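Work through the exercises below with the model open. Each task is followed by a solution in steps.

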Amino acid sequence: MANTNVATTSWNCPNYTGELYLIGANQTPFLNMIGGLQGAGIRVVADMQFPLIQPWALEAASQPAITETASLTAPDPWTYVRDQDVNTCQLWHRQVSVSYVAQSVTGQVTADATTGLVDISNAQPVQNERDFQIAAHMRQIAVNVDYTFLNGAYQQATNAGVAAKTRGIITAATTNTVNAANADLSKELIDELLRTMAATGAEFINPVIFCNAFQKQQLSNIYGYAPRDRNVGGFNIKQIETDFAILGIVWAPNVPAATLLVSDLSVCTPVFLPVPEKGVLFYEELSKTGASEKGQIYGQIGLDYGPEEYHGTITNLSTS
């Protein structure tokens, strides 16, 4: 079951019988929870690079000491300066190419290496190879987008030969981060992260913990308790109540195993740069050069994660 980076033929992608199952940890919960690739809450922009927020801050609280004499003269002026956070869309581009033969032999089924090919009409579930390949490519794009929205390293395109790369939320959350130094996940580390987020102004509007399978089990071990029943055991913690908010817990395969992310989903949204008269993520036919159907899937997509101070991470957690 090795995928191949060539056009689809009846030989490199033979038919089989049985129900189709997509294998692997291909869930995309972060992408789904912020609107997905077709959601109504997406943001549309008109340039590859787009603004996020204008962050500004007050000075640390202090007690003034102004004498009556000093008050007779106006104080020196003070200016509160705004900044500009930005991110970028990046290109998502895949080609689908299916030979005429691969589209024709819907009744040809590969049994095994000894019996070879047999004709069992309508006995296999893929009756349109082109549609199957398009759907598979779209699913792969969704998995890649979810991974990038979490882990993407920012790069601005400076010319046509430089790839634009969107910044992911884990990479963006630099203000609120706790280094576990290879320690096990603990309530103390989570409390430290939440205190840090509160101190920098996180509003905890819709905070959700995203973590890989290992840390998900650690969270259940930390916060769970088994029911008093002789026939029922175990627990699956789906949210925790803290001093600052109730946090949902989501298993997200694309979060690194040594990282725990707290993200405020109220400020996160996918960003699309539409192509005129085509849309934001579309399939279109390519010109024919032989006996195959060729097309491309194309989109320009990035992530708006709002104020990075609304999110936080615990990094370098133990995974054993």
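## Exercise 1: The cover of a helix

Task: Find what covers the buried residues of α7.

Solution. The cover includes α6, β8, β10 (246-251) and β11. Note that the model is a predicted one. Next, list the buried positions. In α7 they are Gln 215, Lys 216, Gln 218, Leu 219 and Ser 220. Now consider the helix geometry. An α-helix has 3.6 residues a turn, so residues three or four places apart point the same way.

## Exercise 2: A loop residue against the helix

Task: Classify Leu 185 as buried or exposed, and list its contacts beyond four places in sequence.

Solution. Start with the location. Leu 185 sits in the loop between β7 and α6. Its relative accessibility is 5%. The cut-off for buried is under 20%. Leu 185 is therefore buried. Now take the contacts, leaving aside neighbours within four places in sequence. They are Ile 190, Gln 215, Gln 218, Leu 219, Ile 222, Leu 260, Ile 314 and Leu 317. Gln 215, Gln 218 and Leu 219 also appear among the buried residues of α7. Finish with one distance. Leu 185 and Gln 215 are 30 residues apart along the chain, and their C-alpha atoms are separated by 7.2 Å.

## Exercise 3: Positive phi

Task: For Asn 182 and Phe 204, give phi, then the location, then the exposure.

Solution. Take Asn 182. Its phi is positive, about 70 degrees, although the residue is not a glycine. It lies in the loop between β7 and α6 (187-199). Its relative accessibility is 57%. Exposed means over 50%, so Asn 182 is exposed.

Now take Phe 204. Phi is near 50 degrees, again a positive value in a residue other than glycine. Phe 204 lies in the loop between α6 and β8 (207-211). At 12% relative accessibility, Phe 204 counts as buried.

## Exercise 4: Across a helix and into a loop

Task: How far apart in space are Tyr 225 and Asn 212?

Solution. Place Tyr 225. It is in the loop between α7 (213-223) and β9 (239-241). Count along the chain: Asn 212 is 13 residues away in sequence. C-alpha to C-alpha, the two are 21 Å apart. Check the surface too. Tyr 225 has 67% relative accessibility and counts as exposed.

## Exercise 5: Both faces of a strand

Task: Sort the residues of β12 by the way they point.

Solution. Begin with the general rule. In a regular strand the side chains alternate between the two faces of the sheet. In β12 (residues 269-272), Thr 269 and Val 271 point one way. Pro 270 and Phe 272 point the other way. All four of these residues are buried.

Look at Thr 269 in detail. Its relative accessible area is 13%, so Thr 269 is buried. Beyond neighbours within four places in sequence, it is in contact with Ile 34, Gly 41, Ile 42, Arg 43, Gly 302, Leu 303 and Asp 304.

Then identify the strand partners. Strand β1 (residues 43-44) pairs with β12 in the parallel sense over two bridges. Here Val 44 has Phe 272 as its bridge partner. Strand β14 (residues 292-304) runs antiparallel to β12, and four bridges join them. Here Val 271 has Gly 302 as its bridge partner.

## Exercise 6: One strand, two partners

Task: In which sense does β15 pair with β7, and in which with β11?

Solution. Take β7 (residues 177-179) first. It pairs with β15 (residues 312-315) in the parallel sense over three bridges. Asn 179 has Thr 315 as its bridge partner. Turn to β11 (residues 260-264). It pairs with β15 in the antiparallel sense, over three bridges. Leu 261 stands opposite Thr 313.

## Exercise 7: The whole chain

Task: How does the radius of gyration of the protein stand against that of a compact globule of 320 residues?

Solution. The compact globule would have a value near 20 Å. The protein has 26 Å. Next, the extent: the C-alpha trace spans about 100 × 65 × 30 Å along its principal axes. Count the elements: seven helices and 15 strands. Then burial: 40% of the 320 residues count as buried. Finally the charges. There are 16 positive and 28 negative side chains, and the centres of the two sets lie 6 Å apart.

Notes. Residues are numbered from 1 along each chain as its sequence is written. This is a predicted model: local features need pLDDT of at least 70, side-chain atom pairs count only at pLDDT 80 or more; totals for chains, interfaces and linings use all residues. Side-chain values use heavy atoms; hydrogens and water are left out. The radius of gyration is taken over C-alpha atoms; the globule rule is 2.2 Å times the number of residues to the power 0.38. Buried means under 20% relative accessible area, exposed over 50%, partly exposed in between (1.4 Å probe, protein chains only). Lys and Arg count as positive and Asp and Glu as negative; His and the chain ends are not counted. The place of a charge is taken as NZ of Lys, CZ of Arg, CG of Asp or CD of Glu. Two strands pair if DSSP finds at least two bridges between them. Contact means heavy atoms within 4.5 Å.
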